[in-house]
Amino acid sequence: MSTITSTETTTAAGTSATGGLSASLGDSAIMLRRNFKHIARNPVAIFNAALMPVMMLLIFVYVFGSAFNVGEDYINYSTPGMILLAISYGLSGTAVSVSSDMAKGIINRFKVMDVSRGAVLTGHVAATMLTNLIAIAAVLGVALALGFRSPASATEWLGAIGVMVATSFAASWLTVALGMAAKTPESAGMSVVPLIMLPFVSSAIVPAEQMGQGVRQFAQYQPFTPIIESLRGFLTGHPSGGYTAAALAWCAGFAIVGYLWSRATFSKRA
């Protein structure tokens with residue numbers, strides 16, 4: 001009898017865990033759909049996420065490209081940096097959206113509806129990553145039209161895509177945490193400005209070696225440079241294990257900090 005009871009208890013626990021996971025995934029899908037609809041209805045968010053990186057690519061290639069001596073066609077050099085800009089430019093909308101949800105009491109409504117707390121956060125992360133992937137596709141499409149060509153193999157393209165996804169995932173969690181910590185949507189938008197500006201002081205536009213003293217050292221050791229150089233290595237067919245390891249380490253650090261910070265803030269404020 002005790003054996004049957006033990007088996008039934010184990011089975012019930014497994015069913016409950018499976019049901020809980022299924023419910024959490026369903027809630028996350030609902031939050032993703034909700035957040036993406038909000039982004040699609042916001043012209044400013046669409047412009048920042050997709051059109052602004054394309055405009056930056058056109059400006060740097062056609063206006064400034066001939067002024068830079070990078071040892072290769074400027075479109076081939078600048079495309080990896082523009083991909084990172086495509087990721088960073090869409091972050092302000094996420095921070096504002098998260099902060100607005102907290103400030104307007106939307107989170108409390110979700111609690112009444114018995115929506116998984118984790119789904120609220122992962123919904124914002126998933127929507128940001130989806131927006132980033134759309135922006136990256138737009139930048140790559142325009143870059144190809146402008147003459148970008150990559151000798152990378154299929155495996156190297158998979159490596160480049162992996163770095164893009166890891167960067168987007170890490171940046172999304174860090175942005176959600178910044179939005180959670182901000183007191184107002186306005187301050188949330190300002191909190192991600194460093195993430196938007198850092199790519200400009202990296203090897204995205206010109207090699208760090210061509211920068212002045214002080215700025216050069218900062219560009220070489222800041223987080224976005226190894227990410228860009230890792231992407232550049234994959235897309236040029238010469239992947240760098242050192243840059244890729246550093247890029248993934250930075251991404252892991254950002255993702256862990258963002259996740260723990262956002263969960264702690266969510267529990268405190270909600």
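**Exercise 1. Decide whether M82 is buried or exposed, and place this residue in the fold.**

Solution. M82 has a relative accessible area of 0% and is therefore buried, where buried means under 20% relative accessible area, exposed over 50% and partly exposed in between, with a 1.4 Å probe and protein chains only. The model is a predicted one, in which local features need pLDDT of at least 70 and side-chain atom pairs count only at pLDDT 80 or more, while totals for chains, interfaces and linings use all residues. Residues are numbered from 1 along each chain as its sequence is written, and side-chain values use heavy atoms, with hydrogens and water left out. The next step is the location: M82 belongs to helix α3, residues 74-89, helices being DSSP runs of H or I with at least four residues, and strands runs of E with at least two, numbered from the N terminus. Finally, the C-alpha atom of M82 is separated by 9.5 Å from that of F60, although the two positions lie 22 residues apart in the count along the chain.

**Exercise 2. State how many helices and strands the chain has, and what percentage of its residues count as buried.**

Solution. The chain holds 12 helices and 0 strands, and reading along the sequence gives the pattern α-α-α-α-α-α-α-α-α-α-α-α. Of its 270 residues, 46% count as buried. Two further positions illustrate this class. P53, in helix α2 (residues 43-64), counts as buried because its relative accessibility is 0%, and its C-alpha atom is 7.1 Å from that of Y89, 36 residues apart along the chain. F148 lies in the loop between α6 (117-146) and α7, and at 2% relative accessibility F148 also counts as buried; F148 and N76 are 72 residues apart in sequence, yet their C-alpha atoms are 5.3 Å apart in space.

**Exercise 3. Describe the largest cavity by its volume, its lining and the helices that supply that lining.**

Solution. Begin with the count, which is 2 cavities of 30 Å³ or more; a cavity is a set of points on a 1 Å grid over the protein atoms alone where a 1.4 Å probe fits but cannot get out, and its lining residues have an atom within 4 Å of a point. The largest cavity has a volume of about 70 Å³, a volume being the space filled by probe spheres set on the points, which are joined across faces, edges and corners. The lining consists of L91, T167, A170, A171, L174, L195, F224, I227, C251 and F254. At least two lining residues each come from α7 (154-181), α11 (224-235) and α12 (241-269), and the largest share, 4 residues, is that of α7. By chemical class, the lining divides into 9 nonpolar residues, 1 polar and no charged. T167, a member of the lining, is found in helix α7 and counts as buried at 5% relative accessibility. Its C-alpha atom is 8.9 Å from that of A255, 88 residues apart in sequence.

**Exercise 4. Determine what geometry the aromatic pair of W173 and Y259 has, and which helices the pair ties together.**

Solution. The count comes to 3 aromatic pairs, where rings of Phe, Tyr and Trp (its six-membered ring) pair if their centres lie within 6.5 Å, and planes under 30 degrees apart count as stacked, over 60 as edge-to-face and the rest as tilted. W173 and Y259 form an edge-to-face pair, at 5.1 Å centre to centre and 85° between the planes. W173 lies in helix α7 and Y259 in helix α12, so the pair ties together parts that are 86 residues apart in sequence. W173 counts as buried at 5% relative accessibility, whereas Y259 is partly exposed, with a relative accessible area of 34%.

**Exercise 5. Characterise α11 by its span and its burial, and find which ring the charged end of R232 sits over.**

Solution. With 12 residues, α11 reaches 16 Å from its first C-alpha to its last, close to the 16 Å expected at 1.5 Å a residue, the expected span being 1.5 Å times one less than the number of residues. This helix is mostly covered, since 12 of its 12 residues are buried, among them F224, I227, E229 and R232. The charged end of R232 sits over the ring of Y77, 3.7 Å from its centre, the criterion being NZ of Lys or CZ of Arg within 6 Å of the ring centre and within 35 degrees of the ring normal. Just after α11, G237 takes a positive phi of about 80°.

Note on methods. On a 1 Å grid over the protein atoms alone, a cavity is a set of points where a 1.4 Å probe fits but cannot get out, and a pocket is an open set with protein on both sides within 12 Å along at least five of seven lines; lining residues have an atom within 4 Å of a point. Ala, Val, Leu, Ile, Met, Phe, Trp, Tyr, Cys and Pro count as nonpolar, Asp, Glu, Lys and Arg as charged, and the others, Gly among them, as polar.
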